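Here are a few exercises to work through with the model open beside you. Try each task before you read its solution.

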Amino acid sequence: MAPSDAEIAMLKELALAAYAPETDHSRELQVKNDMIDDITVADGAVDVRGRPSIKSRTGNWKACWPIFGCEVCERVAFYAISSNLVIYLTTVLHEDISVSARNVNNWSGTTFLTPLIGAFIADACLGRYLTLGTFLCGYFLALTFVTMSVTLPVLKPPECKELTSALTKLCPPATKLQRGFFYFALYLMAMGAGGIKSCVTAFAGDQFDITDPVEAKRKMSFPNWWFVSISFGTMLSVSLLVYAQDTIGWSWGYGIPTGIAGLATLIFFIGTPLYRTHHIRGGSPFTRVAQVLVSAARNWRVSVPTNPELLYELDDKEALTQAHGKLRRHTSGLLFLDKAATVQVMEHECVFRFEEVIKPDPWRLCTVTQVEEVKLLVRMLPIWVTNLMFSAVFAQVGTLFLNQGTTLNRKMGPSFQIPAASMPLFVTLTICIFLPLYDKFFVSAVRRITGDKRGLTMLQRIGVGQVISTLSITVAAFVEMKRLRLAHSLGKDYVGPLPMTIFWLLPQYMLTGICEVFLSVGQMEFFLDQAPESMRSLGNALYLSTVAVGSFLSSLLVSIVTNITYDSNGGWIGNNLNESHMDYFYWLLAGLSLLNLLFYTFFSKRYTYKDCNKADGSRRSPESPSSDSSGTLQSGHCLTVPNAVAPLGYKELK
């Protein structure tokens, strides 16, 4: 029944009262909206209970400190155990030196690969907060088991009363229970580290609202101060805790980091009201990637339309339930992947009918946003590959650099002798000194030249780090040449440390520290920033995986060089370093680093940064934010078509 004239008049009055700018109602509504904008976070962050985050009460640096504590405790525990793990395996568990070295390498590599598992769980199931809290508890439990293993007599073999070169023959071997329990604790620790490493930086980054200029500026400084905090954790481990293990005992040396981990876990949960979280609704990142690849393969015969507006995409309302509610704008390149979002003409009526979108099979048809997420990952892969060489060079800090140091004069004064294993402290000290200077002075000075808000772009920062990395291994080669000349001049009968101070190694350690400031921080920022919003934990895992794969690459190079160059003196890397040619191996690394730098420069110049600001277009209203009131498309938004991106033939079906 049609409404009467009186009803129509009443509706008009109500509409004018609600929308006329001169009415008190509209002003009250505007004031309320302004108040809501002032107190809530604009990027859609919520607290752990799912309520909108209050800007003044949550996030920012006050929420980052408990999260910082998580990573610091993980670093303290990891380096407290890994620094002397070979010594423990040979002197307590009575393993052969070669066996213990292999076991340490396997465990260390696993520790830096498990973040891929943690990233999958965080992005697909639990979210970052629950993943971080769960794995923190598991990490603390693992450290408790490790401490029990080195403390309880039943979990370790009897001590050796007489130590000789034939250690395993004179000492009772560890039982299967003792070895099994200890390695179970170690690998449980590696699994816990995977959940922490993959989520902790991404979760800390969630505490800053990138739509707020003030908080966005703070977030740019976050990676630098983050690296300083974990560097202090490393310093604590390789100095005080290693000293406690050597002088007081293994129980105290492992028990102290266990207590620190327990305290950090408690502080993390106490800080729960301060945290901002983001609902990750995109599902498993691996599944989303597989869907795009399978769909593109199935549609390999389909022609991609020249107009990207004809590719399949969700509308704004449905986007709110997907991957942070962000729709990504179509980009050129990698056109084969666009086939995954191309709707075949015969399938139009199956996909769109009566103006209602019927969800297609995601293994046959994907959205533009999903395709663009995969494009982001594919574009990051060359950068990932060309950063592996740095990790291979950095692996020498804890291996061959230490071997160099053991042959030199390590005395400081009449009675004190600096341990060769303490020299990596200078790497950490350099980081702690140079990184605040970089953030305070270098960025502002370079910003005036480049005009970039970061001073150097992320890829430029990594590139500078690769140059310094090449320089550091070159300096190491020159120092090794000097050491060998001195050793040869003294003759083969010379026994004892060479009359050359260990501080000749200081330049290569300090250059490695400066390299870390540029390269490692730049890597972390790049992989975290450029990963899709629904896969940030996976991006952080990619950064950490460069350490693991780089370490395995270093081991592979050492094995190949040893097998090829082996002779009566042991080859390039023999047991007698005074008769070997470790400088040749350093020159090999320098050459490979230079070649790698050329490839990195080639790929970095062709890399297209993700436009984060233009990726968000789905939170403000049910209508398309990429169109004005008349439906005309506006530039600077990710959505390319109002409401829904319609495939060919959709308008005809209407």
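**Exercise 1.** How many of the 23 residues of α3 are buried?

*Solution.* A word on the ground rules: this is a predicted model, where local features need pLDDT of at least 70, side-chain atom pairs count only at pLDDT 80 or more, and totals for chains, interfaces and linings use all residues. Residues are numbered from 1 along each chain as its sequence is written, and side-chain values use heavy atoms, with hydrogens and water left out.

Step 1: pin down the word. Buried means under 20% relative accessible area, exposed means over 50%, and partly exposed is in between (1.4 Å probe, protein chains only).

Step 2: find the helix. Helices are DSSP runs (H or I, at least four residues), numbered from the N terminus, and α3 covers residues 60-82.

Step 3: count. In α3, 17 of the 23 residues are buried, so the helix is largely enclosed by the rest of the structure.

**Exercise 2.** Check the spans of α3 and α8, then find where each one kinks.

*Solution.* Step 1: the expected span is 1.5 Å times one less than the number of residues. For α3, the distance from the first C-alpha to the last is 33 Å, close to the 33 Å expected. Helix α8 (residues 176-205) has 30 residues and should span 44 Å; its end C-alpha atoms are 44 Å apart, which agrees.

Step 2: look for bends, each being the angle between axes fitted to the seven residues ending at a residue and the seven starting there. Helix α3 has a kink of about 30 degrees centred on Pro66, and α8 has one of about 35 degrees centred on Cys199.

Step 3: check the surroundings of α8. Here 22 of the 30 residues are buried, so α8 too is largely enclosed by the rest of the structure.

**Exercise 3.** Which residue forms a salt bridge with Glu74?

*Solution.* Step 1: a salt bridge is a side-chain nitrogen of Lys or Arg within 4 Å of a carboxyl oxygen of Asp or Glu. The whole structure has eight.

Step 2: the partner is Lys197, with the closest N and O atoms 3.3 Å apart. This pair ties together distant parts of the chain, with Glu74 in α3 and Lys197 in α8, 123 residues apart.

Step 3: are the partners buried or exposed? Glu74 counts as buried at 0% relative accessibility, and Lys197 counts as buried at 3%.

**Exercise 4.** Compare two more salt bridges, those of Glu480 and Glu525.

*Solution.* Step 1: Glu480 meets Arg483 at 2.7 Å, N to O. Both sit in helix α19, three residues apart, about one turn of the helix. An α-helix has 3.6 residues a turn, so residues three or four places apart point the same way.

Step 2: Glu525 pairs with Arg461, the closest N and O atoms being 4.0 Å apart. That bridge joins helix α20 (residues 506-530), home of Glu525, to helix α19 (residues 458-490), home of Arg461, across 64 residues. Both Glu525 and Arg461 are buried.

Step 3: widen the view. Arg454, Arg461, Glu525 and Asp529 are linked in a network of salt bridges.

**Exercise 5.** Where does Gln396 lie, and which residues does it touch?

*Solution.* Step 1: Gln396 is in the loop between α16 (388-394) and α17 (400-406). Step 2: at 1% relative accessibility, Gln396 counts as buried. Step 3: leaving out residues up to four places away in sequence, Gln396 touches Phe401, Ser554, Phe585 and Leu589, where contact means heavy atoms within 4.5 Å.

Notes
Helices (H or I, at least four residues) and strands (E, at least two) are DSSP runs, numbered from the N terminus.
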